[in-house]
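Trainee: I'd like a close look at one part of this model rather than a tour. Can we zoom in on a single helix pair?

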Amino acid sequence: MDENRAGDIAVSIEGISKFFPYQGQGNLRQLPAMFIESLRRAARRTGLGTKAGRAPARRAPSSPAGHWALTDVSFTIRRGEVLGIIGRNGSGKTTLLKILSRVTAPTKGRATVDGRLAAMLSVGTGFHPLFSGRENIYMSGALLGLTRAEIEARYDAIVEFAEIGEFIDEPVKTYSSGMNARLGYAVAVEMSSDIFLLDEILAVGDMAFQSKCLSRMQESRNQGRTVVLVSHNLNVVKGYCDRVVLLEQGRVVKEGEPADVVSHYLSNMFESGEQTNLFERTDREGSGLLKVDRFWFEDELGRTVGVVVSGESCALCLHFDCGSIDGPVSAAVVITDLNGRWLSRLSTSVTHADFEPAMGGGVIRCTIPKLPLIEGEYAFAFRITAGGRLADHLENAGRFTVVTGDFYGTGRAETHSPIMIEHNWSVGDRNAA
């Protein structure tokens with residue numbers, strides 16, 4: 001790497017692997033061997049069970065039980081870049097950030113950080129619960145290498161950002177999770193660090209706080225600071241990151257443009273619905289003249305996906321077999337929560353989309369141009385009539401997962417109501433008719 005290019009690198013990760021032994025399980029496995037060894041030591045002391053001048057044979061120690069949280073991870077982060085790290089739970093995201101922040105050491109490889117680094121790996125990371133908010137601010141600044149005068153120069157800005165008022169002199173253990181998050185984020189961004197490591201910071205706090213965090217993250221990028229963001233909020237990742245790294249089972253499986261990596265994640269990293277094959281289901285009703293045997297979901301490009309995104313186009317596809325049918329076929333799908341509560345009914349009849357299938361079968365596609373469901377798990381049922389008679393009806397036919405998207409186009413996600421509705425607000429003069 002030439003010198004100009006090397007000077008542009010804030011973080012370099014080279015072949016990092018991290019092994020975690022199963023501590024509890026390993027100790028239990030060792031109990032029999034430990035007991036036998038204690039008997040051998042007792043025998044040696046009494047002269048029993050051994051020959052003079054000859055030590056008892058020992059079994060070679062077995063390799064420790066455990067798992068590799070990271071395996072040969074390598075990439076660089078440019079100065080002033082906002083890098084997103086995504087992946088399923090357990091893919092190694094937080095472990096990687098802990099290695100970068102020196103909370104833990106890698107088993108193999110190395111990480112080089114060029115600049116002052118501030119990390120917020122969880123709510124209140126690095127705070128002493130018995131210290132007040134004020135005392136933790138000074139302690140955090142000192143750990144970052146700032147003098148007392150430098151900390152005092154930033155103190156008012158930290159308190160203003162954190163919005164915890166008179167609680168600043170109360171012990172941190174009395175703070176709510178939101179107060180902890182606001183103070184921790186304020187300390188991280190106001191201490192003039194060159195590199196920020198943020199692990200799911202946007203999962204804590206109200207929407208106003210999240211908006212403030214995103215605005216400050218944008219300011220940090222404009223000031224040439226480097227941000228590493230771990231988040232399950234894929235809408236934020238696509239909207240604010242310059243580049244994204246996807247981890248799966250501790251390995252880098254893809255990196256590049258945010259939209260491309262997120263699309264790959266949604267298309268390939270989730271298993272499809274719990275029961276895609278419906279052929280063996282015996283709890284169905286109907287004549288069987290038309291029978292749905294499997295289902296899947298497609299995105300707006302027609303690709304089969306395991307999850308769908310709020311605010312984006314998707315299609316539920318029902319594959320069916322049928323014989324000769326006289327008369328039109330109508331289909332209806334009911335979307336429910338996992339408790340069976342109806343959320344919406346989608347019907348070919350109300351949209352004048354009844355059809356006459358070809359002999360042998362085909363695929364019914366129910367396309368939703370803008371999915372109005374918030375993040376969560378859902379189920380669906382279907383009911384199909386042919387020639388005025390019930391042909392196939394199956395309750396709890398399958399489940400599907402919805403992940404957060406940008407339904408309203410504002411970068412903010414609804415979290416209270418399961419259904420989102422397009423709407424507008426206006427304010428007029430009170431004297432207006």
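Trainee: At roughly what angle do the axes of helix 4 (residues 133–143) and helix 5 (residues 148–162) cross, and within how many Å do they come?

Mentor: Roughly 130 degrees, with the axes coming within 10 Å. That angle makes helix 4 oblique to helix 5 (under 35 degrees is roughly parallel, over 145 roughly antiparallel, 65 to 115 roughly perpendicular, the rest oblique). Axes are lines fitted to C-alpha atoms, for helices over the stretch in contact, and angles run from 0 to 180 degrees between N-to-C directions. Helices (H or I, at least four residues) and strands (E, at least two) are DSSP runs, numbered from the N terminus.

Before going on: this is a predicted model, where local features need pLDDT of at least 70, side-chain atom pairs need 80 or more, and totals for chains, interfaces and linings use all residues. Residues are numbered from 1 along each chain as its sequence is written, and side-chain values use heavy atoms, leaving out hydrogens and water.

Who touches whom in that pair? On the helix 4 side, Arg134, Ile137, Tyr138, Gly141 and Ala142 meet Arg148, Ile151, Glu152, Tyr155, Ile158 and Val159 of helix 5 (contact is heavy atoms within 4.5 Å). Sorted by type, the contact has seven nonpolar residues, one polar and three charged (Ala, Val, Leu, Ile, Met, Phe, Trp, Tyr, Cys and Pro are nonpolar; Asp, Glu, Lys and Arg charged; the others, Gly among them, polar).

For context, look at the sheet too. Its six strands form an open sheet in the order 5-6-7-3-8-9, with mixed pairing (a pair needs at least two DSSP bridges). Strand 5 (117–120) and strand 9 (251–256) are the edges, each pairing on one side only, and the twist averages 15 degrees from one strand to the next. Helix 3 (residues 93–100) packs on this sheet, touching strands 3, 5, 6, 7 and 8, and its direction makes about 150 degrees with that of strand 6. Six of the eight residues in helix 3 are buried (under 20% relative accessible area, 1.4 Å probe, protein chains only), including Leu96, Leu97 and Ile99. Helix 6 (residues 177–190) lies across strands 5 and 6, at about 170 degrees to strand 5.

Strand 5 also holds Ala118, which is buried at 5% relative accessible area. The C-alpha atoms of Ala118 and Met191 are separated by 8.1 Å, though the two residues are 73 apart along the chain.

Conventions. Buried means under 20% relative accessible area, exposed over 50%, partly exposed in between (1.4 Å probe, protein chains only).
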